[in-house]
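Here is a friendly walk through one protein chain, meant to be read with the structure open beside you. Take each section as a stop on the tour.

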Amino acid sequence: MSTFRPAAARRRIALLAGAALATITSPALAQQAGTATAPSGTTTAETETVVVRGARPLAESERAALQVQRSSVNLVSVVSADEAGRLADQNIAFAVGRLPGVALERDQGQARYVNLRGQPRRWTNISIDGLNIVSPEGRDTRFDNIPSAIASQVTVAKAITPDMSGDTVSGNIDIRTRSAFDYRGRAIRGSVQLGEVNLGGGREVDASLVVADRFFDGNLGILAQASYYEREMITDNWETDPWLRPGGVLQGATGPSGIDRRPGSETRVWAREHENKLYRLTRGNISGSLRADWQLGEGSRVFAQTVYTQFTDNELRNNYIFRFDNGAANTPTTACTSLSTPVSGGNGANDICNGNTPQRGVVYGARLQSNFRTASIKEYTWSSTLGGEHDGLFGFNVSWRLNYTKTEDGQDDAAQPFFQSPTDPLQRPSVLYSFTDPYNHGVELYRTVLTGTGSSAVRSLGARVMEVEQFAQTFLNIDAVTGGATTEATTFRADAERSIQLFGFDADLKFGVLYTNREKTNDPITWSASAADLTAAGRPQFAMSSVAIDGPFRGRQVLGYTFRYYSEGALLGYMSDLINTGVARRQTATERQAFYAVTEEITAGYAMATVRPSWGSVVFGVRVEQTTNTGQGFSPLAPVLLTTESDETRAYPSLHVNWDLNDEMKLRFGITTGASRPDFDEIAPNFSVDDGPQLISGGNPDAKPEEAVGLDVYWEWYRQDEGYMSVGVFHKDLSSVLFTQTGIFGLDVLDSPTIDRSGYTFSTLRNGGSGSITGVEFTWNQRVEDWVQAAGGPEWMEGFGWRFTATVTDSEMTIPAFGTAPTRVADLTGASDMVANFAITYEQYGLSVRLAYQVRTDWLQSVGGYATVNGALVPDGNGDIYWLKDDELDLSVRYQLTDNIELTFDAVNLLDTPAMRYADNFSRPIEWESFGPRYLVGARFKY
């Protein structure tokens, strides 16, 4: 016999402590709940906090979130804390990833960055309780370092108002933290989950705890929160890049200058190398917060809060690179009359006359490069705020915040040795490569047989070799890096609001000021010991075998060879000894190529009015921001410290019209402006070198902000049958679009005695021309309870429902002419043509189930170089780099065992879709990586 209430009662929002949290704009409900006004950074109607509980927590939490959305005067989407815990939403990116218009960028299977409505991730800002902060990485806001456990509500504002930062183009994600005033009295909430990662069998732990209480007749509230998450994982991986035109014509040359000079070489592309990055990872999050709220009297409150979140990534990586072009000889310029194998005069790379093609062939004596990376990455955000809200102060409702935030992007690389093959082809592997299957690139290794002597010696395949360590590799150097980038920011914000009459209507006048001073410094310390340093110290050369450990490969992919993992402890001990004995040399001050120091000072003021005629509301106003930036960095061309400075003032007007068509339907119209400033490291006058992936990045102090003017038109239907529908059209006109352009560095100014960096991939930021993005967004959330009852269906069917969102966009940006490439048009980075979420839910008899599917189509990661060859535009290097379509299927099951205990089960990444990137088109994949599904079981409790 069912113990659940009738449908009408089940739909009622119950104001019971210890339930799912959501913020709704209902003064009447707030009065019943006895709650206090919560701080907010979003412009809405009077905002009160209530708690939500019912037989269907998913449905009722969603209803409360929709009420926040409905009463907001700007375009927002909301997710409540209970909803964030109803999927395997370990971090804030996962939590918002199923909202309309939200797409996720993942790193090794974990949601990290957010693209709002098909726009670049750098245009998405983050705030905590209404105050904007800078992510440890900078303006590319990372959300995987913020556990969802700290949040009681997350609001995604897609159209900004003047009381929000002008440095907001696509939108802002505001995280409302928990307060003791969210509860009526003492409250204890917690959860524990244990699980396993299918690939590699690593363990997974997720736990959180919230304790809150109120004292002195409820006027003082104290809340403490903590969370802990850790996951052990490995990855299957291969990478094939860069794709180059070895027959390209160098400037000033009269014919093909590269390796492949056969007819047709001008447009033929070959992979320079193939590699495997074989990771053993331990990733984790911890968070903690402490907050005190003091109700001074009617309408007056002060609070103090500190929040700490930390992301850690302990990375052990075996990296094996098979470099094909090293040791290759230039081919003749004549066409092939016949195929010739074995080969002479070189290793045969990039020569179609020995049977090789870009997709399949043999390189006789390729250079093998290896390195072991032992990294300990730690990113943290520590944000402390003192604030208050005072109603009726000098006739205004006043709120103020004083905040100090410190973040660190720690990139400790405790030890990384580098090795490579000798020049003798007999000691190098012959590599049979197969790139015919875009989903499965691989190699086989053979001995190299040399018949004859001198330049006429003929190379051929010998016996196959399975163990990569059977090939000789010469030790080059070993490096260690500590430190990273630290950002410190102090912010003061004050807002005042009062009710007035304007144009004959009730209205709210609001104005405020903000001052922020930020300083970001990147100054890692590097120690390095070369082979010559070891010899000078009377030490033997470092050998791979000295740190190797026996054991099976923990992945599933077929590598074509075997290898041994290395011992983290043995490698760290060796590097520590080199540093302590002075064998490893610390870089000097003028060698600090990665050093930069950037400051940003923002002074802002705004004024806005919200006019409330009988049919809805009109919001208009302007924000003015004055920004001063300074930058410092070392030049690699001379041991001098370069300094830059810029200053600008911008105004950001906006208009929002909200028309209540009837009791259920609303029409929204908005015009907004914004500008996205370049990231701190992008305007620093320095170069950064990463020898592992062979990358060089450089700042551009002359980069200007991207400017945007946006238009939004949305129709919303808050249905009585427990449904919600919306259709929206949005458009943004863009100017001075920023994009990262990649190519080959081509200079020797960053070379060391043992490392040639001229062939490294170089990326830097540039302003493009104009651009635009236009899109359509559709949402339909529906529960079938009323439909089933109307049809006389069985009670068990009433629990079904669904959520569907889809966003379709068309974007473009103008890439200025460069070299022989004319001006061209490309998609915006991060813009998928389509992003969709579909979830089936079931809530009945204490059981709550959600099966959720997310998909996004291919999107542009970075802009590359192109050249005009024989009248056609062809990639010069990789060209534009794209991510392949990404989709994910997750299952979440909850069962209410008692009033206080809920059992949980989560299955994540059930499709195990690999992450793939390709260069210019899918026939040139450059990376494939797989991570495996994850499963967790546990319990949640409340008292």
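## Asp-550 and its partner

Asp-550 is exposed, with a relative accessible area of 68%. In this predicted model, Asp-550 forms a salt bridge with Arg-564, and the closest N and O atoms of the two are 3.1 Å apart. Both Asp-550 and Arg-564 lie in the loop between α6 (531–536) and α7, so their salt bridge ties together parts that are 14 residues apart in sequence. Arg-564 counts as partly exposed, at 26% relative accessibility, because the partly exposed class runs between 20% and 50%.

## Salt bridges that reach further

Side chains of opposite charge can pair when their charged atoms come close. In this model the count of salt bridges comes to 59. One of them joins the side chains of Asp-213 and Arg-186, at 2.9 Å from N to O. This pair links distant parts of the chain, 27 residues apart: Asp-213 sits in strand β11 (residues 203–215), and Arg-186 in the loop between β9 (171–177) and β10 (187–197). Asp-213 is buried, with a relative accessible area of 13%, whereas Arg-186 is exposed, at 66%.

Now try another pair: are Arg-668 and Glu-716 buried or exposed? Their side chains meet in a salt bridge of 3.0 Å, N to O. The link spans distant parts of the chain, with Arg-668 in strand β33 (residues 665–676) and Glu-716 in strand β36 (residues 706–719), 48 residues apart. Arg-668 is buried, with a relative accessible area of 4%, and Glu-716 is buried too, with 1%. Elsewhere, salt bridges join up into a network whose members are Asp-107, Arg-112, Glu-137, Arg-142, Asp-144, Arg-283, Asp-313 and Glu-379.

## Nonpolar cores

Which residues touch the most other members of the largest nonpolar core? They are Phe-322, Phe-324 and Leu-578, in a core of 47 residues. Helix α7 (residues 568–580) gives the most to this core, with four residues. Apart from this core lies another, of 23 residues, including Phe-94, Ile-128, Phe-143 and Ile-173.

It is worth zooming in on Leu-578. Not counting residues up to four places away in sequence, Leu-578 touches Ile-478, Ala-529, Leu-534, Arg-539, Val-583 and Ala-584.

## A nonpolar patch on the surface

Nonpolar side chains also turn up on the outside. Trp-796, Met-797, Phe-800, Phe-838, Ile-840, Tyr-845, Leu-851, Leu-910 and Tyr-935 form a surface patch, with about 760 Å² of accessible area together.

Where in the chain does Met-797 have its place? Met-797 is in the loop between α8 (785–790) and β41 (800–815). With 32% relative accessibility, Met-797 counts as partly exposed.

## Strands, a sheet and a hairpin

Five strands form an open sheet, paired antiparallel in the order β18-β24-β23-β22-β19. The edges are held by β18 (343–344) and β19 (360–363), each with a single partner strand, so one side of each is left without a neighbour in the sheet. Inside this sheet, strand β23 (residues 442–451) and strand β24 (residues 458–464) pair in the antiparallel sense over five bridges. Leu-450 has Arg-459 in β24 as its bridge partner.

For a smaller motif, turn to β46 (residues 866–869) and β47 (residues 872–875), which are antiparallel partners over four bridges. Val-869 stands opposite Ala-872 in β47. The two strands form a hairpin with two residues between them, and Asn-870 in the turn has a positive phi of about 50 degrees.

## Around Val-622

The last stop is Val-622, found in strand β31 (residues 616–634). Val-622 is partly exposed, with a relative accessible area of 34%. Leaving aside neighbours within four places in sequence, Val-622 is in contact with Pro-162, Gly-605, Tyr-606, Ala-607, Ala-651, Tyr-652 and Pro-653.

How far apart are Val-622 and Thr-673 in space, C-alpha to C-alpha? The answer is 9.6 Å, for residues that are 51 residues apart in sequence.

How values were computed:
Residues numbered from 1 in each chain as written. Predicted model: local features only at pLDDT ≥ 70, side-chain atom pairs only at ≥ 80, totals over all residues. Heavy atoms only, no water. Pairing = 2+ DSSP bridges. Core = buried A, V, L, I, M, F, W, Y, C linked by side-chain atoms within 4.5 Å. Buried < 20%, exposed > 50% of the residue type's maximum accessible area, 1.4 Å probe, protein only. Contact = heavy atoms within 4.5 Å. Patch = residues over 30% accessible without salt bridge, like charges linked within 9 Å, V, L, I, M, F, W, Y side chains within 5 Å. Areas by Shrake-Rupley, 256 points an atom, 1.4 Å probe, with all protein chains shown as cover. Salt bridge = Lys/Arg side-chain N within 4 Å of Asp/Glu carboxyl O.
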